[in-house]
Amino acid sequence: MENNQNLNQRVAMITGAASGIGKAVACIMADQPYRLCLIDFNEQELHTLQAQLQDKTEIIAMCGDVTDASFIHTAINEIEKKFGRLDYVLNNAGMTSAAKSIVDLEFEEWHRVMNVNVHSIYYCLHYQIPLMLKTGGGSIVNTSSMLGLIGTKKRAAYVASKHAVTGLTKAAALDYAAENIRVNSVHPGYIETPLIAHIDSEMLAAKHPVGRLGTAEEVAALVKFLWSDEAKFITGSQYVIDGGYSIQ
Ligand SMILES: NC(=O)c1ccc[n+]([C@@H]2O[C@H](COP(=O)([O-])OP(=O)(O)OC[C@H]3O[C@@H](n4cnc5c(N)ncnc54)[C@H](O)[C@@H]3O)[C@@H](O)[C@H]2O)c1
């Protein structure tokens, strides 16, 4: 049986929590400490992170695929059963697509990217929002990309998916603004994580006016701000964190 202090302690859900940006957010939030629900389909990395953080705070780690709506429903039910509330969300699990022009891009690849980057966030919002409303609201951050605001060559599926995240964020923000749920998106430039490990990092760094890649911890600090009460007048906004890449 949890004591009252635990029942009032804030709860955060992070998808794509086992690596990169999601992991950095989990690590700074465990120090707050928020109770955490960590979601990822990389079971080994997820449980390593859980073991690393579980002395700091209470954690539910759920291994599954965010493109499976029934898995997301189960995860939200588990959060309600174990923690009784949901205050903060980072909908962050995502994938890149192969570098191909539109004619060469296979339908299967298009649908895979849309499923992981867009449909999963819709499923998450659909099940997260009713639980948030039960305790008076919360703050949701969706991970888009600078490519959710500008285009680039040979990344049609990724660019379209991240623009959809931007639009979904605005729509959700308007639907629930009056009910004290804020929904914002973050738009990173290239961030040093396993997602871009296959790309030449010096070449990528040179494309950023600041001359380097971003770090997952820098994006995590932005998410922490958007979750906080300091950001309570901010909703439906797009926060670019790209070392100046997209203003060139
Ligand atoms: N790294 C960058 O340069 C960059 C730039 C802009 C936006 N982003 C976005 O940031 C988000 C996080 O990326 P990252 O760089 O931390 O990548 P990452 O590969 O380090 O982490 C992504 C995590 O998501 C998990 N994941 C992927 N698909 C999943 C699925 N279907 N179900 C459950 N878990 C799944 C992976 O297992 C992994 O742990 C993504 O949405 C990505 O598009 C990254």
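In this predicted model, a backbone N or O atom of Ile191 sits 2.8 Å from an oxygen atom of the ligand. Two side chains add further contacts of this kind. For Asp40, a side-chain N or O atom is 2.6 Å from an oxygen atom of the ligand. For Asp65, the partner is a nitrogen atom of the ligand, and the separation from a side-chain N or O atom is 2.9 Å. The protein buries 94% of the 830 Å² that the ligand exposes when taken alone.

The shell around the ligand holds 28 residues. Ser19, Asp40, Tyr158, Ile191 and Thr193 come nearest. Asp40 and Ile191 thus appear both in this group and in the contacts described above, Asp40 through its side chain and Ile191 through its backbone. By residue class, the shell divides into 13 nonpolar, 12 polar and 3 charged residues. Two helices each supply at least two residues of the shell: H2, spanning 20-30, and H6, spanning 156-176. The space that the ligand takes is the largest pocket.

The overall fold was examined next. The protein chain contains 8 helices and 7 strands. Its radius of gyration is 17 Å, close to the 18 Å that the globule rule gives for 248 residues, so the chain is as compact as a globular protein of that length. The C-alpha trace spans about 55 × 35 × 35 Å along its principal axes.

Backbone geometry was then considered. Most peptide bonds are trans, and most residues other than glycine have a negative phi. Three sites depart from these patterns. The peptide bond from Gln32 to Pro33 is cis, and its omega is near -5 degrees. Pro33 belongs to the loop between H2 and strand S2 (35-40). H2 is also one of the helices that supply shell residues.

The other two sites concern phi. Lys154 is not a glycine, yet its phi is positive, near 60 degrees. Lys154 is placed in the loop between strand S5 (138-143) and H6. Asn180, likewise not a glycine, has a positive phi of about 65 degrees. The loop that holds Asn180 runs between H6 and strand S6 (181-188). Loops at both ends of H6 therefore carry a residue with positive phi, Lys154 in one and Asn180 in the other.

Terms used
Residues numbered from 1 in each chain as written. Predicted model: local features only at pLDDT ≥ 70, side-chain atom pairs only at ≥ 80, totals over all residues. Heavy atoms only, no water. Near = heavy atom within 4 Å. Polar contact = N/O pair within 3.5 Å; in protein donor to acceptor, adjacent residues only side chain to side chain. Areas by Shrake-Rupley, 256 points an atom, 1.4 Å probe, with all protein chains shown as cover. 1 Å grid on protein atoms, 1.4 Å probe; cavity = no way out; pocket = protein on both sides within 12 Å on 5 of 7 lines; lining within 4 Å. Sits in = over half its atoms within 2 Å of the grid points. Helix = DSSP H or I, 4+ residues; strand = E, 2+ residues; numbered from the N terminus. Nonpolar A, V, L, I, M, F, W, Y, C, P; charged D, E, K, R; others polar. Rg over C-alpha atoms; globule rule 2.2 N^0.38 Å.
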